[in-house]
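Work through these exercises with the sequence and the 3D view open. Try each task before reading its solution.

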Amino acid sequence: ENGNYELIVSIADVAHYIKKDSHLYKEAAKRTTSLYMVDTVIPMLPAQISNGICSLNEKVDRLTLSCIITITPNGDVLSYDVVKSVINSKKKMNYDDVLSVLNGASVSGYDEFKETLLKMNELAHILRKEKMSRGYIDFDLDEPEVIQDENGRAIDIVRVEREDGEKMIEDFMIAANETVASHIYNMDLPFIY
């Protein structure tokens with residue numbers, strides 16, 4: 001009602017399931033990250049965890065950590081909170097369908113989310129403009145996509161076009177990352193940026 005936005009960015013609470021110094025923790029630490037190959041992903045954690053209990057699947061309660069940020073129409077953070085939470089994703093979406101909705105198309109299964117998606121895109125544009133005014137360096141480099149034939153052989157490499165759907169998620173993740181980094185900094189705790 002006051003014109004501000006409330007942005008909630010939630011990530012799976014992996015630490016709830018992977019306890020420090022456990023065997024899984026040590027194995028994940030050795031890997032440090034998941035590997036994204038041309039045609040597959042080698043997850044840092046076993047698939048039962050990364051694609052199972054820690055995956056934010058549709059219509060399933062999941063333990064998460066949420067960064068709840070109140071943002072002005074100019075893109076300034078008014079307040080925030082970082083909390084343990086439970087979310088229940090209402091719809092598994094894909095970037096192509098989200099872009100179609102943002103461009104005014106009607107997409108089956110997306111009607112109830114249309115206004116929210118439009119408002120989210122509005123906020124993303126505000127956040128993007130605000131970061132650029134702060135001197136944000138845009139690392140939006142061309143990303144290749146390898147096109148494969150039915151046998152898995154590379155037949156072409158094309159440039160991936162990043163549209164508003166992908167940019168929106170990135171803008172929200174950056175807002176959450178900056179907020180958490182400021183929070184940790186203000187607590188005078190060691191932190192890897």
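A salt bridge is a side-chain nitrogen of Lys or Arg within 4 Å of a carboxyl oxygen of Asp or Glu. Keep in mind that this is a predicted model.

**Exercise 1. Salt bridges**

Task: Find how many salt bridges the whole structure has, then examine the one between Glu27 and Lys30.

Solution:
- Side chains of opposite charge can pair when their charged atoms come close.
- A search of the whole structure gives twelve salt bridges.
- In the pair Glu27 and Lys30, the closest N and O atoms are 3.2 Å apart.
- Now place the pair: both residues belong to helix α2, residues 23-31.
- They are three residues apart, about one turn of the helix.

**Exercise 2. The open sheet**

Task: Work out the strand order of the open sheet of three strands.

Solution:
- The order is β1-β4-β5, and the pairing is antiparallel.
- β1 (5-12) and β5 (77-88) are the edge strands, since each pairs on one side only.
- On average, neighbouring strands are turned by 20 degrees against each other, direction ignored.
- Eight bridges link β1 to β4 (residues 61-71).
- Tyr5 has Ile71 of β4 as its bridge partner.
- Helix α5 packs on this sheet and touches β1 and β4. Its direction makes about 95 degrees with that of β1.

**Exercise 3. The hairpin**

Task: Describe how β6 and β7 are joined.

Solution:
- β6 covers residues 143-148 and β7 covers residues 154-160.
- The two run antiparallel, with six bridges between them.
- Val146 stands opposite Ile157 of β7.
- Five residues separate the strands of this hairpin.
- In the turn, Gly152 has a positive phi of about 85 degrees.

**Exercise 4. Two helix contacts**

Task: Decide whether α5 and α4 each lie oblique or roughly perpendicular to α6.

Solution:
- Two packed helices are described by the angle between their axes and the distance between the axes.
- Take α5 (residues 114-133) and α6 (residues 164-186): their axes come within 9 Å and cross at roughly 60 degrees.
- Angles of 65 to 115 degrees count as roughly perpendicular. The crossing is therefore oblique.
- The crossing of α5 and α6 is left-handed.
- Residues in the contact include Leu117 and Met120 of α5, and Phe172 and Ile174 of α6.
- By class, this contact has nine nonpolar, two polar and five charged residues.
- Next, α4 (residues 95-102) packs against α6 at about 100 degrees, with the axes 8 Å apart.
- α4 and α6 are therefore roughly perpendicular.
- Tyr95, Val98, Leu99 and Leu102 of α4 meet Asp164, Gly165, Glu166, Met168 and Ile169 of α6.
- This contact has six nonpolar, one polar and two charged residues.

Note on methods: Residues numbered from 1 in each chain as written. Predicted model: local features only at pLDDT ≥ 70, side-chain atom pairs only at ≥ 80, totals over all residues. Heavy atoms only, no water. Pairing = 2+ DSSP bridges. Helix = DSSP H or I, 4+ residues; strand = E, 2+ residues; numbered from the N terminus. Axes fitted to C-alpha atoms, helices over the stretch in contact; angles between N-to-C directions. Parallel < 35°, antiparallel > 145°, perpendicular 65-115°, else oblique. Left-handed = near helix turned anticlockwise from the far one by under 90°. Contact = heavy atoms within 4.5 Å. Nonpolar A, V, L, I, M, F, W, Y, C, P; charged D, E, K, R; others polar.
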